Amino acid sequence: MKMNILSGGALQMKKHIFVPTTEDRSETIILPVSCYLLRHPQGNVLFDTGCHPSIATDPAVRWDGLEKIMVPKHVPGQDVIAELGKVGLQPEDIDLVVNSHLHSDHCGCNEFFVNATFFVHQKELETASDPEIEGKGYFRTDWDHAPSFEAITAQKDVFNDGRIVLIPLPGHTPGMMCALVSLEQDGAFFLASDAVSLEVNLAEEMVPKNTWQGDLLLKSYDEIRKIEASGAQIICGHDAEQLLHLKRGLDGYA
Ligand SMILES: [Zn+2]
């Protein structure tokens with residue numbers, strides 16, 4: 001199996017949201033958005049779909065004000081559809097999409113994957129369906145069109161061979177799902193998505209302010225530390241510094 005880390009955009013936000021000890025409340029931080037292509041012998045899997053292409057050019061249309069808090073900083077073409085093209089794939093070639101959760105920067109390109117089955121946690125679907133939460137990071141336009149959602153309720157070994165194991169780890173949102181990916185040459189990677197936004201969050205048990213339930217996030221950190229101790233490299237959801245040291249695009253892992 002091969003893994004490619006693809007760009008799904010880049011956002012600028014206030015640093016104190018992610019690092020609450022930040023003294024200068026005007027300080028900002030760039031948050032890369034990543035998607036992960038997993039080419040398994042039984043099918044092409046995409047973990048998260050990033051920001052919709054229009055977010056680079058006209059974010060207000062889709063985000064309706066959220067773009068003032070999550071300020072897009074990427075250029076057109078820095079989205080998962082263009083990125084897949086660089087590795088020679090079309091959206092139609094994706095068989096399975098896993099949405100770690102349904103925030104707009106993780107499922108914005110769902111609509112393009114017309115041949116895919118979508119795996120999403122049951123609690124995330126319930127949360128995103130609540131009219132009260134519409135616009136607060138969740139937008140129905142992103143996710144409410146998939147013909148085939150498969151609702152996940154527990155840990156799931158996608159192909160029953162241990163290569164891609166989905167692990168629910170709530171806290172950031174109710175239905176947050178991470179993936180433990182095992183590659184033959186490069187070893188194990190834990191795709192944390194927003195269960196660990198930045199390396200410092202896990203290292204210093206820091207709960208970002210955009211967390212649904214902090215006590216659950218801390219419990220999830222405990223689980224992630226066990227996974228890390230077993231030898232997996234933790235790949236954070238939005239850590240620009242960490243991403244500098246990872247292979248991206250065509251230059252993938254195997
Ligand atoms: Zn999120």
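**Exercise 1. The setting of Trp212**

In which loop is the place of Trp212? Establish also whether Trp212 is buried, exposed or partly exposed.

*Solution.* The model is predicted: local features require pLDDT of at least 70, side-chain atom pairs count only at pLDDT 80 or more, and totals for chains, interfaces and linings use all residues. Residue numbers start from 1 along each chain as its sequence is written.

Step 1. Helices (H or I, at least four residues) and strands (E, at least two) are DSSP runs, numbered from the N terminus. Trp212 lies in the loop between α7 (199-203) and α8 (214-229).

Step 2. A residue is buried if 20 or more other C-beta atoms lie within 10 Å of its own, exposed if 12 or fewer, and partly exposed in between, with C-beta atoms placed from the backbone. Trp212 has 16 other C-beta atoms within 10 Å and is therefore partly exposed.

Step 3. Two residues are in contact if their C-beta atoms, placed from the backbone, lie within 7 Å. With neighbours within four places in sequence left aside, Trp212 is in contact with Gly171, His172, Thr173 and Pro174.

**Exercise 2. The five-stranded sheet**

Determine the strand order of the open sheet of five strands, and place Val165 in its strand.

*Solution.* Step 1. Two strands pair if DSSP finds at least two bridges between them. The order is β8-β9-β10-β11-β12, and the pairing is mixed. The edge strands, each pairing on one side only, are β8 (156-157) and β12 (233-236).

Step 2. Strands β10 (residues 177-183) and β11 (residues 187-193) pair in the antiparallel sense over five bridges. Leu183 has Gly187 in β11 as its bridge partner. On this sheet packs α8, which touches β10, β11 and β12. The direction of α8 makes about 160° with that of β11, where axes are lines fitted to C-alpha atoms, for helices over the stretch in contact, and angles run from 0 to 180 degrees between N-to-C directions.

Step 3. Val165 belongs to strand β9 (residues 164-168). Val165 counts as partly exposed because it has 19 C-beta neighbours inside 10 Å. Residues up to four places away in sequence not being counted, Val165 touches Gln155, Asp157, Ala179 and Leu180.

**Exercise 3. The seven-stranded sheet**

Trace the open sheet of seven strands and follow the pairings on either side of β5 and β6.

*Solution.* Step 1. The order is β4-β1-β2-β3-β5-β6-β7, with mixed pairing. The edge strands are β4 (71-72) and β7, each of which pairs on one side only.

Step 2. Strand β3 (residues 43-47) runs parallel to β5, joined by three bridges, and Phe47 stands opposite Val98 in β5. Strand β5 (residues 96-98) is in turn joined to β6 by three bridges, also running parallel, with Val98 opposite Phe119 in β6. Four bridges link β6 in parallel to strand β7 (residues 149-152), where Glu150 faces Phe119.

Step 3. Of the five residues in β6 (residues 117-121), four are buried.

**Exercise 4. The nonpolar cores**

Which residues of the largest nonpolar core touch the most other members?

*Solution.* Step 1. A nonpolar core is a set of buried Ala, Val, Leu, Ile, Met, Phe, Trp, Tyr and Cys residues joined through C-beta atoms within 7 Å.

Step 2. The largest core has 55 residues, of which Phe47, Val98, Cys178, Leu191, Ala192 and Ile224 touch the most other members. Another core, of nine residues, lies apart from it and includes Ala10, Leu31, Cys51 and Ile55.

Step 3. Ala192 touches Cys178, Ile224, Ile234, Ile235, Cys236 and Gly237, residues up to four places away in sequence not being counted.

**Exercise 5. Two residues with positive phi**

Compare the settings of Asp48 and Asp64: which is buried, and which is exposed?

*Solution.* Step 1. Most residues other than glycine have a negative phi. Asp48, not a glycine, has a positive phi of about 75°; Asp64, also not a glycine, has a positive phi of about 55°.

Step 2. Asp48 is in the loop between β3 and α2 (59-63), whereas Asp64 is in the loop between α2 and β4.

Step 3. Asp48 has 28 other C-beta atoms within 10 Å and is therefore buried. Asp64 has 12 and is therefore exposed.
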